[in-house]
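Please read the following explanation alongside the sequence and the structure. It leads through one chain, a part at a time.

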Amino acid sequence: MNKIELRDYQKDIITRAIKSKGNILIQAPTGSGKTVIAEEIVKFHKDADKKTLFLAPKINLLEQTAKAFANLNPQIIHGSNKEEIDTQAHSFVSTIQTISRRVDFLSSMNFDYIIFDEMHYGVKGKMQEIIKNIHKGKIIGLSATPYDEEGKLLTEDFDVIIDDYDARYMVDNGYLVNIKSFEAFTANLSGIKTKIGDWDINELDFRFNKPEIVNKIVSATKDILKNRDKTIVFCINIPHAEAICKAYKEVGLKSEVTHSNISKENQKKILDNFKNGDTKVLVSVDQLTTGFDVPQTDTIVIARPTQSQNLYKQIVGRALRLSPSTNKKEAILLDCGGVVSRLGLPLEPIKEIIKQDEIVRKPYCCKKCKSVKPRNFKINNNYKKPVTICPDCKDEIDFKPKFIYKCTSCNRYYDFKMDYSNFSFENENMSLNCVCGFVNNLGSLNDDNIDFRELSNELQKEFNIERLKSDDISEESLDELSKNSESLIRGMVTRHKNLSTKTLIQMAKDDFEIFDSIDFLNNKKITKEALLEVVEHKKNYVFYDKLSLIKPYHYMLLKSITHPKCTNKLIDTICKHTDINLLKFIIKFLSSVEKTKIPKRHYLENQKFNIQKLDNKFVNNVERFLEIASKNPELKMDVASNEYISLKLLQKFAKDKDENIRNIIQKNPNFSNEMLDEEIENQDYYSREILSNKKGLTKEQQLKLAKSIEPDIKINLLKNYKSKDVFFACLDSIPSKNEQINTDVQNDDLVYEFYNDKRILIKEILKSKHCNTNVIENLIETKHDSYTKYIS
């Protein structure tokens with residue numbers, strides 16, 4: 001036997017499985033070579049003098065494995081094997097059923113490893129439980145679909161999960177072929193009960209195993225199957241499979257059916273006919289879902305509804321293998337059971353099922369008479385619309401399918417709901433009137449086979465993008481698209497001019513964490529009430545101090561404050577429910593944007609200062625926000641330094657009891673000359689000392705400050721202003737010889753500093769260009785000795 005060259009992913013899985021400690025679960029799709037992987041693992045353990053038992057769920061899989069493991073000389077443990085078993089061997093193959101009955105043998109062998117093939121079969125059953133309880137060694141699980149009926153990964157018995165290589169990886173890397181999905185019709189499953197995680201087989205048979213429905217399936221698929229190589233059809237039960245097979249034969253397709261009621265000899269003959277090409281269509285129930293590998297199979301027909309994701313993936317896997325002999329490029333899935341629309345596209349991973357409330361899971365019933373019988377279709381001739389009719393009470397409701405139809409002339413796609421005006425009805429016939437001028441006759445509404453529609457996420461996305469570029473899309477269609485899973489689609493919906501305010505608000509609420517606040521706030525339909533409603537929807541906003549972690553709602557708040565539709569109530573809501581650190585960030589942000597010089601907005605109109613070049617509405621909103629925020633003691637200092645602070649609030653802060661607030665206010669670019677004059681008149685030393693260091697004071701303000709008794713204020717003025725008037729004003733305000741000197745400085749250190757400043761003041765006077773002999777003589781004769789003693 002020629003040695004198979006291992007693929008890269010197989011090597012990786014084998015290496016990791018050999019090195020891993022504990023029990024291992026290996027998930028790999030159908031066609032990925034799980035048997036090859038298992039053989040290499042068994043060979044490694046054989047060489048290491050370890051005993052391995054490989055367990056298959058079915059006899060046909062046992063036979064296939066024994067053949068694949070031929071080089072390992074495996075011992076076959078099964079009733080059909082009459083040869084004596086060599087208990088000293090290292091490789092054994094059997095079925096779960098056989099080993100679960102031979103507990104003494106299992107206990108005595110002390111296997112180092114047991115490999116469960118198709119691990120998902122009977123995972124919660126008695127047989128696996130018996131084996132696991134007796135076995136003391138390690139377990140390796142193999143499966144393409146290791147999930148329970150709720151879509152949960154079977155991790156309970158395993159320490160290591162190897163699931164890096166899914167079907168999409170295999171297709172993208174050329175190990176499997178791609179598969180396209182087409183849907184003939186969505187089966188009406190209303191009223192059908194669920195048993196053990198799937199539809200009740202008896203009820204499915206009663207509903208769908210009827211000549212008219214069987215003929216519709218065959219009629220819908222026959223033309224496609226004639227041009228395909230090999231097709232497998234999966235049915236509800238044996239009678240249904242035989243009916244389907246018979247119908248295919250009647251339309252000229254070479255078909256055979258295989259099931260458990262047929263002898264093993266005849267089953268082998270039927271399968272051989274399919275493999276060698278004598279049979280084109282092979283019909284079955286679930287016999288071919290595992291262990292049946294015919295790479296030339298390029299088409300699957302699902303003629304039965306199912307809720308089982310495992311069954312669905314196993315069915316699809318029959319057509320994914322590469323076929324060099326036929327140069328198979330892709331496979332096709334023809335869905336006649338509504339499986340794709342319910343469980344997703346074939347290559348999508350299995351998803352965990354979220355259990356719905358009991359009310360949601362009740363079958364559809366007529367709202368008028370509570371009948372659960374399938375509704376009929378017809379055209380309401382009064383309105384030229386398709387309707388569904390209750391067979392019992394004859395109640396009519398509009399027919400609203402969510403299907404995409406394609407013009408067979410120009411390949412343009414139409415959505416039944418969004419492009420309703422392009423569809424016409426006569427009697428019970430439905431037509432698509434394409435803009436290219438071609439009329440597509442789709443068939444009767446009572447015929448479930450109205451065209452095949454290719455189901456593709458990319459196709460749907462492209463269709464929606466083109467639709468959103470149009471100006472004639474309705475509010476209802478935009479509302480439907482607002483719930484789309486693609487963020488690109490939702491973003492386009494947000495910006496569309498036809499979007500209703502109601503939908504806009506709902507989108508902002510539903511999608512708040514990732515919502516584009518700029519798109520939302522730029523929409524012209526946003527109202528004061530809408531803006532408030534969205535901001536109130538998520539209260540207690542929090543702040544992340546790292547810029548990279550700033551959330552969209554941070555910007556939402558920033559933009560809301562400066563929005564033309566902002567109200568006092570909105571600002572009050574933001575200030576009341578927002579984290580203090582986020583409010584500080586907002587206040588700081590509003591002062592940190594790029595500035596440009598424009599005329600001063602208030603106070604002295606002829607002066608210039610830096611302010612953001614935005615309209616008055618923006619500034620008014622920020623002023624209101626800062627005024628409300630200033631009521632919080634923790635925010636007062638942040639508000640005081642913001643240059644959008646209003647004149648009223650500036651004046652209020654300028655008289656604040658907290659000297660730190662007053663000092664910050666004086667540094668604010670909006671601090672006016674009028675307020676400056678007030679502070680100069682103020683007897684508070686600290687305020688005057690800060691002002692003396694401020695450049696740009698008027699001559700009058702300089703002279704007023706020069707009258708201050710404190711030497712350091714005079715020093716600052718002499719350093720900043722070199723005029724003769726300031727110089728002599730500072731001289732004049734030095735106390736005279738016999739004058740009593742009083743200060744408001746009480747601290748001993750500051751008293752020392754006060755007297756030390758006299759020396760520095762005299763030094764600054766002597767350095768001035770306005771100082772001369774006459775000035776010095778006058779100082780000595782007229783000014784207080786505590787100053788003049790520093791003149792040398």
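The second largest pocket of this predicted model has a volume of about 860 Å³. Its lining is made up of 34 residues, and those closest to the pocket centre are Gly33, Thr35, Val36, Asp293 and Arg321. Two elements, α2 and α3, each give two or more residues to this lining. Rolling a probe the size of a water molecule over the atoms is what shows where empty space is left.

Both of these helices also pack against a sheet. The sheet is open and consists of 7 strands in the order β3-β4-β2-β5-β6-β1-β7, with parallel pairing. Its edges are β3 (75-77) and β7 (160-162), each of which pairs on one side only. On average, neighbouring strands are turned by 20 degrees against each other, direction ignored. Helix α2, residues 34-47, packs on this sheet and touches β1, β2, β4, β5 and β6; its direction makes about 160 degrees with that of β6. Helix α3, residues 59-68, lies across β2, β3 and β4 and runs at about 165 degrees to β4. Strands of a sheet pair through backbone hydrogen bonds, in either a parallel or an antiparallel sense.

The sheet can be followed from the β3 edge. Strand β3 pairs with β4 (residues 91-95) in the parallel sense over 3 bridges, and Ile76 has Val93 of β4 as its bridge partner. Strand β4 is also joined to β2, by 5 bridges, and these two run parallel. Here Val93 is the bridge partner of Phe54. Going on through the sheet, β2 and β5 pair in the parallel sense over 4 bridges, and the partner of Phe54 in β5 is Ile115.

How many of the residues of β2 are buried? The count is 5 of 5, so the strand is largely enclosed by the rest of the structure. Both of its faces are covered: Thr52, Phe54 and Ala56 are buried on one side, and Leu53 and Leu55 are buried on the other.

Strand β1 lies between β6 and β7 in the strand order. It is joined to β6 by 4 bridges and to β7 by 3 bridges, running parallel to β7 as well as to β6. Leu25 takes part on both sides: its bridge partner in β6 is Gly141, and in β7 it stands opposite Ile161. The side chains of β1 alternate, with Ile24 and Ile26 pointing one way and Leu25 and Gln27 the other, and all of them are buried.

Two residues from these strands, Ile26 and Phe54, also belong to the largest nonpolar core, which has 56 residues. Together with Phe292, Ile300, Tyr312 and Leu333, they touch the most other members of that core. Ile300 is in contact with Ile232, Phe234, Ile315, Arg318, Ala319, Ile332, Leu333 and Leu334, leaving aside its neighbours within four places in sequence. A second, separate core has 30 residues, including Phe208, Ile238, Ala247 and Val281. In soluble globular proteins, nonpolar side chains tend to be buried together.

Val281 of this second core is touched by Ser255, which also touches Cys245, Tyr248, Lys249 and Thr279, not counting residues up to four places away in sequence. Ser255 lies in strand β12, residues 255-257. Is Ser255 buried or exposed? It counts as buried because its relative accessibility is 5%, and the cut-off for buried is under 20%.

Lys328 falls under that cut-off too: its relative accessible area is 11%, so it is buried. This lysine lies in the loop between α12 (309-317) and β15 (330-335). Not counting residues up to four places away in sequence, it touches Val177, Pro295, Thr297, Asp298, Ala319, Leu320, Arg321 and Ser323. Lys328 and Val177 are 151 residues apart along the chain, and their C-alpha atoms are separated by 7.6 Å. Among the residues touched by Lys328 is Arg321, one of those closest to the centre of the second largest pocket.

For the chain as a whole, there are 35 helices and 26 strands. Of its 792 residues, 50% count as buried. Among contacts between residues at least 6 apart in sequence, 66% join residues at least 24 apart.

Definitions and conventions:
Residues are numbered from 1 along each chain as its sequence is written. This is a predicted model: local features need pLDDT of at least 70, side-chain atom pairs count only at pLDDT 80 or more; totals for chains, interfaces and linings use all residues. Side-chain values use heavy atoms; hydrogens and water are left out. Buried means under 20% relative accessible area, exposed over 50%, partly exposed in between (1.4 Å probe, protein chains only). Contact means heavy atoms within 4.5 Å. Two strands pair if DSSP finds at least two bridges between them. Axes are lines fitted to C-alpha atoms, for helices over the stretch in contact, and angles run from 0 to 180 degrees between N-to-C directions. A nonpolar core is a set of buried Ala, Val, Leu, Ile, Met, Phe, Trp, Tyr and Cys residues joined through side-chain atoms within 4.5 Å. On a 1 Å grid over the protein atoms alone, a cavity is a set of points where a 1.4 Å probe fits but cannot get out, and a pocket is an open set with protein on both sides within 12 Å along at least five of seven lines; lining residues have an atom within 4 Å of a point. Grid points are joined across faces, edges and corners, and a volume is the space filled by probe spheres set on the points.
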